[in-house]
Amino acid sequence: DIRQTRPEPRPWWKPLESLIFSLIFFFLSTTIANRLYVWWIALMYRANPFALELSSPIFEIRQHTTEWAVPLKNAQDLYQKMTKLFKENPQFPVHFLECRFTASDDVSYISPTSVETKEKDDYFCYIGIVSFCPFNVKLQHFEDLYSHVDKLCVKAGGRPHWAKNYGGLEFKEFTEIFAPNFAKFNEIRKQLDPEEVMMNKE
């Protein structure tokens, strides 16, 4: 079954997305809707074929994700703080918490897992959360959730995944998070793009 890399536009009446949107915005509090939906996903994921159907016209739901690479030595503490945060704030729209592991990178200057000198025990844990957004509408308490997560990850020595969502970080914070390689990268960027064509206001 070869799926398209760019899915076709989905009809507005997608049953599942319509149901979740209705539950959250019209009938239930975010807290109750989150619990019901997480329970439903956990139940359905027991059948392996269901994972493939998340991209089908019926089951596809837009999602907002953030993911941070954290030194492995700090990962357990961060995971515990994040789960504590979610338990204390059941209204936060957290539908998945994902973890994956990778070695460090001594080639790229601003890779989330970059290090100056690669050591034998240099490993990172990517920790990410997923929030489903019916009809691409940000759920209640959405900004609050991601603000808390970003702060926890920065304190744990984390760096954001460039292809995921993150917010609230200023240029100065990036220079600190990716130090000292960020300065090296910036020098090369200035040489290759002296007119700053590739720069933006951020």
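**View 1. His64 and its partner across β1 and β3.** In this predicted model, the bridge partner of His64 in β3 is Ser131. The two residues belong to a wider pairing, in which 9 bridges join strand β1 (residues 63-71) to strand β3 (residues 123-132), the two running antiparallel; strands pair if DSSP finds at least two bridges between them. Pro71 stands opposite Phe124 in β3. Strands (E, at least two residues) and helices (H or I, at least four residues) are DSSP runs, numbered from the N terminus.

**View 2. The sheet and its edges.** The open sheet is formed by 4 strands in the order β2-β3-β1-β4, with antiparallel pairing. Its edge strands are β2 (96-103) and β4 (159-160), each of which pairs on one side only. Between β2 and β3, which run antiparallel, there are 8 bridges, and the bridge partner of Leu97 in β3 is Ile129. Strand β3 is largely enclosed by the rest of the structure, because 9 of its 10 residues are buried, where buried means under 20% relative accessible area, exposed over 50%, and partly exposed in between (1.4 Å probe, protein chains only).

**View 3. Helices packed on the sheet.** In the sheet formed by the 4 strands, the edge strands are β2 and β4. Helix α4 (residues 72-88) packs on the sheet, touching β1, β2 and β3, and its direction makes about 20 degrees with that of β3. Helix α5 (residues 142-155) also packs on the sheet, touching β1 and β3, and its direction makes about 10 degrees with that of β1. Contact means heavy atoms within 4.5 Å, while axes are lines fitted to C-alpha atoms, for helices over the stretch in contact, with angles running from 0 to 180 degrees between N-to-C directions.

**View 4. The two faces of α5.** In α5, the residues Phe142, Leu145, Tyr146, Val149, Asp150, Leu152 and Cys153 are buried. They cover an arc of only 165 degrees around the axis, which puts them on the same side of α5; the arc is that of the directions from the helix axis to the C-beta atoms. These buried residues pack against β1, α4 and β3, whereas the face turned away from the buried side carries the exposed residues Glu143, Lys151 and Lys155. After α5 comes Gly157, whose phi is positive, near 80 degrees.

**Notes to the views.** Residues are numbered from 1 along each chain as its sequence is written, and side-chain values use heavy atoms, with hydrogens and water left out. As this is a predicted model, local features need pLDDT of at least 70 and side-chain atom pairs count only at pLDDT 80 or more, although totals for chains, interfaces and linings use all residues.
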